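Q: Please go through this model and give the reason behind each structural label.

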Amino acid sequence: MKALTGIRVMDFTNVLAGPYCSMMLANMGAEVLKVEKPYLGDDSRHYGPHVNGESAYFLSINRGKKSVTCDTKTEEGKAFFRRMVEKTDILVENLKPGAMERMGLGYDALKEINPRLIYVAVSGFGHTGPYSPRPAYDMIVQAMGGVMSITGTPGGDPVRVGTSIGDIVAGMFGAFGAVNALYMRERTGLGQKVDVAMLDSQLAILENAITKYAATGIVAKPMGLKHPSITPFEAYRTKDSWIIAAAGNNNLFAKLCQVTGNEALISDPRFDTNPHRNQHIDELSDYIQAKMYAHTTEEWMKIMTDAGIPCGPINTIDKLFSDPQVEARHMLVEVEQPGIGKLKVAGNPVKMSLTPPQEELSADPAPELGANTREVMLSLGYSESEVEDYLNKFQNKDKAVKD
């Protein structure tokens, strides 16, 4: 029994934001039907890296789902889509606003078929506002949402965050909205529309930068490896690499000064409070950095951990594959993917005591294009002959294109 066992999701999405949203729901036990366009499927099936011609990118965000091909440009496809909606709890789509309505498949039309439907729309700018019709990609909303303006080194060029947080955060908020709507449906019996914009999602994670400007009028700028409001809280070069050390209060600051041989700084009026340390951040950084070359990162990790100082190395991705904490939390799980073989992917970060997530040490593979079309059509009451006619018209072409 998983938290979302018995919940059916239609994933009518493409590439990342929408698929990430539905993957979160699948991880918690929902049955996710990935509704894909015939012949080519989700665009990300064609993104690298490829292993034996199969997309590892697609696998990473579509594992544990079922694939159904449905051509919503045809009347047969629209009819099939509506039949699925009748028995669906959550529909996730990430088309440009208005696209679903032009097909006759927008929320207002679908709620007439299924009033309990929860309709999650993830788009660049949302379904209201002057920017609503515009297309968007991850880097565009990172830029427009302010995140890029505070990322990078002081005085340097703007820098994209190294992972696609424009897409991923919107997907997370979409899943959050979906489970909120599920809870509300338990009380009212009615579904609703959940409208999540990538741009909104970027503003929602700005925390300190928004508050800083609202309170002081100061526009936040990139600070590189320093924290904007806690000092000292930054990365230091060690004898062999880097370490992050964080002293979030006076007690931790004193401990950091002691282990680095900077005891005189504890009572220095420039550094006796966090506001004072913020005012003299560069001077303080120089004092501490001068002592950090004495030891390797591993040595500093033991010294600081023993002293109770929050710290951590700057890991490269390969280091995660041998990290004991990552292993203990099952944050890298193995998938046996047809055409690829065994491959590790990121696990589920949400751990629940009564209803643990779908994956523990292994996860279900991603589906081949259209692999579950027959199964789903039969479950919806289509006859064998109707299924054969549909498959002959659409799915055989899926296989021909792949071959």
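A: Rings of Phe, Tyr and Trp count as a pair if their centres lie within 6.5 Å. The model is predicted, and it holds seven aromatic pairs.

Q: Why is the pair of Phe-271 and Tyr-287 called edge-to-face?
A: The ring centres are 6.1 Å apart and the planes stand at 80°. Planes over 60 degrees apart count as edge-to-face, so the label follows.

Q: What parts does this pair tie together?
A: Phe-271 lies in the loop between α10 (250-259) and α11 (274-279), and Tyr-287 in helix α12 (residues 281-292), so the pair links parts that are 16 residues apart in sequence.

Q: Why is Phe-271 called buried?
A: Its relative accessibility is 0%. Buried means under 20%, so Phe-271 qualifies.

Q: Why does Tyr-287 count as partly exposed?
A: Tyr-287 has 36% relative accessibility. That value falls between the 20% limit for buried and the 50% limit for exposed, so Tyr-287 is partly exposed.

Q: How many disulfides does a search of the whole structure find?
A: The search finds zero. For Cys-257, the nearest cysteine sulfur is that of Cys-311, 15 Å away. A disulfide needs sulfur atoms within 2.5 Å, so Cys-257 is in none.

Q: What makes Cys-257 buried?
A: Its relative accessible area is 1%, and the limit is under 20%, so Cys-257 is buried.

Q: Why is Cys-311 called partly exposed?
A: Cys-311 has a relative accessible area of 24%. Buried would need under 20% and exposed over 50%, so Cys-311 is partly exposed.

Terms used: Residues are numbered from 1 along each chain as its sequence is written. This is a predicted model: local features need pLDDT of at least 70, side-chain atom pairs count only at pLDDT 80 or more; totals for chains, interfaces and linings use all residues. Side-chain values use heavy atoms; hydrogens and water are left out. Buried means under 20% relative accessible area, exposed over 50%, partly exposed in between (1.4 Å probe, protein chains only). Rings of Phe, Tyr and Trp (its six-membered ring) pair if their centres lie within 6.5 Å; planes under 30 degrees apart count as stacked, over 60 as edge-to-face and the rest as tilted. Helices (H or I, at least four residues) and strands (E, at least two) are DSSP runs, numbered from the N terminus.
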